[in-house]
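Biologist: I'm new to this structure and would like a close look at a single part of it. Could you take me through the sheet and whatever sits around it?

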Amino acid sequence: MPAPKDPLSKKLITALESLFGKYSDHMTHRRSLKNMPSINQALASISSRWEIAPLTEHKPPVFILSAGWRSGSTLLQRIVLSGENILVWGEPYAHSDYIRKMADSLRIFQNDLPRDQFFIDHYQPDEESSQSLSDLWVANLYPMPSDLIDAHRQFFIRLYETPAINSGYQRWGLKEVRLSIDYAQYLKFLFPDAKFLFLYRNPYDAYQSYRSFRAWYDVWPTSPVFTPTDFAKIWKKLLDSFISQHQSLDGKLIKYEDLITGNLDLSELSGYLGFPVRKETIETTVTGGRASKKTELSSLEKKLIQRVVEPTASQQGYYL
């Protein structure tokens, strides 16, 4: 936008910019949001620009990711726990949302951002130079991305693996109910040999079971899940991502109904995990301290869910 020549117009522009900021800055911000890379794109940028050290002396974790609440994730967690030498944490520090926040923090990486000259390897002293860092412009001075990624790994190892080992287990895992495939890709990047179990259930049954709670959060404390529509949106977003990309992570897609009817091949699951799991776990009912009170869904509730979950629901054999 050309600068106005009229003094009155200049004053008006100055006043507006004082109140709302510069128009050009707003447009730059909009372009930045539009071009924000996905987590997977950011990880690809990191891999293409820097060498990331492989993970050594490590046993593969198991991640159970469910398409929302009340989908049998705790039952699947217990089945994996029946392997005896693995500790699977249950939605640990859920409101802290560490996995999503830490993964999202890597979205700053693009093919040319952050700039190469920000990183410490750009400042390695020249043998022929007597300059020290104090003689240079160091307003932006970053550790190497390889150290950043190692720090991400070590966070999860220290928080989840070390306590598991200290408790007498050889391996660790965790189950979550709000993570899309983007965050599974992040975990796969940190732990390339990890095992992934993607679980889903009939959305009408899952919401019927969830309805008596109806005060949980997708993102705490800003995104409560109060309505059938809220619940259905999460279900569809997660399941669509699981269906489309679970194979790229060598993950297993598991239907809750197959789990409880015995149609899931537990020997195949054992082979995938690398340790045997026990069928008896499925036959043992364990309930939490606050049991869900199930009542029939109203026709309005069903229609609200249907409006969101189709065509995914019917493609999976779930009909209203």
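Modeller: Here is a walk through the sheet, strand by strand, and then out to its surroundings. Keep in mind that this is a predicted model.

Let's begin with the layout. The sheet is open and has five strands, paired in parallel in the order 2-3-1-4-7. At its edges you'll find strand 2 (86–90) and strand 7 (252–255), each of them pairing on one side only. If you ignore direction, neighbouring strands are turned by 20° against each other on average.

Now look at strand 3 (171–176). Is it covered or not? Mostly covered, with six of its six residues buried. Arg171, Gly173 and Lys175 point one way from the strand, while Trp172, Leu174 and Glu176 point the other way. That fits a general pattern: in a regular strand, side chains alternate between the two faces of the sheet.

Strand 3 has a parallel partner in strand 1, joined to it by four bridges, and another in strand 2, this time with five bridges. Leu174 is a handy landmark here, as Phe63 stands opposite this residue and so does Trp89.

Moving along to the other end of the order, strand 4 (residues 195–200) runs parallel to strand 7, and four bridges join the two. One pair to look up is Tyr200 and its bridge partner in strand 7, Lys255.

Strand 7 also has a link to a helix. Its residue Lys252 forms a salt bridge with Glu268, at 3.0 Å from N to O. Lys252 sits in strand 7 and Glu268 in helix 11 (residues 266–273), so this pair ties together parts that are 16 residues apart in sequence. The two ends differ in cover: Lys252 is buried because its relative accessible area is 15%, under the 20% cut-off, whereas Glu268, at 46%, is partly exposed. In general, side chains of opposite charge can pair when their charged atoms come close. A search of the whole structure turns up nine salt bridges.

What lies across the sheet? Helix 4 does, reaching over strand 1 (62–66), strand 2, strand 3, strand 4 and strand 7, and running at about 165° to strand 2. This helix covers residues 73–81, and Ser73 belongs to it. Ser73 is buried, with a relative accessible area of just 6%. Setting aside residues up to four places away in sequence, Ser73 touches Ser66, Glu91, Lys175, Val177 and Leu199. You have already met one of these, Lys175, as one of the buried residues of strand 3.

For a bit of contrast, step away from the sheet to helix 8 (residues 203–210), which is mostly covered as well: seven of its eight residues are buried. Among them are Tyr204, Tyr207 and Tyr210. The buried residues of this helix pack against strand 5 (216–219), strand 6 (223–225), helix 9 (228–245), helix 13 (299–309) and helix 14 (312–315).

And for something out in the open, try helix 1 (residues 7–20), where Leu12 is found. Leu12 is exposed, with a relative accessible area of 52%. Together with Leu16, Leu19 and Phe20, Leu12 forms a nonpolar patch on the surface, with about 450 Å² of accessible area in total.

Key. Residues are numbered from 1 along each chain as its sequence is written. This is a predicted model: local features need pLDDT of at least 70, side-chain atom pairs count only at pLDDT 80 or more; totals for chains, interfaces and linings use all residues. Side-chain values use heavy atoms; hydrogens and water are left out. Buried means under 20% relative accessible area, exposed over 50%, partly exposed in between (1.4 Å probe, protein chains only). Contact means heavy atoms within 4.5 Å. Patches are made of residues with over 30% relative accessible area and no salt bridge: like charges are joined within 9 Å, nonpolar side chains (Val, Leu, Ile, Met, Phe, Trp, Tyr) within 5 Å. Accessible areas come from the Shrake-Rupley method with a 1.4 Å probe; for residues, only the protein chains shown count as cover. A salt bridge is a side-chain nitrogen of Lys or Arg within 4 Å of a carboxyl oxygen of Asp or Glu. Two strands pair if DSSP finds at least two bridges between them. Axes are lines fitted to C-alpha atoms, for helices over the stretch in contact, and angles run from 0 to 180 degrees between N-to-C directions.
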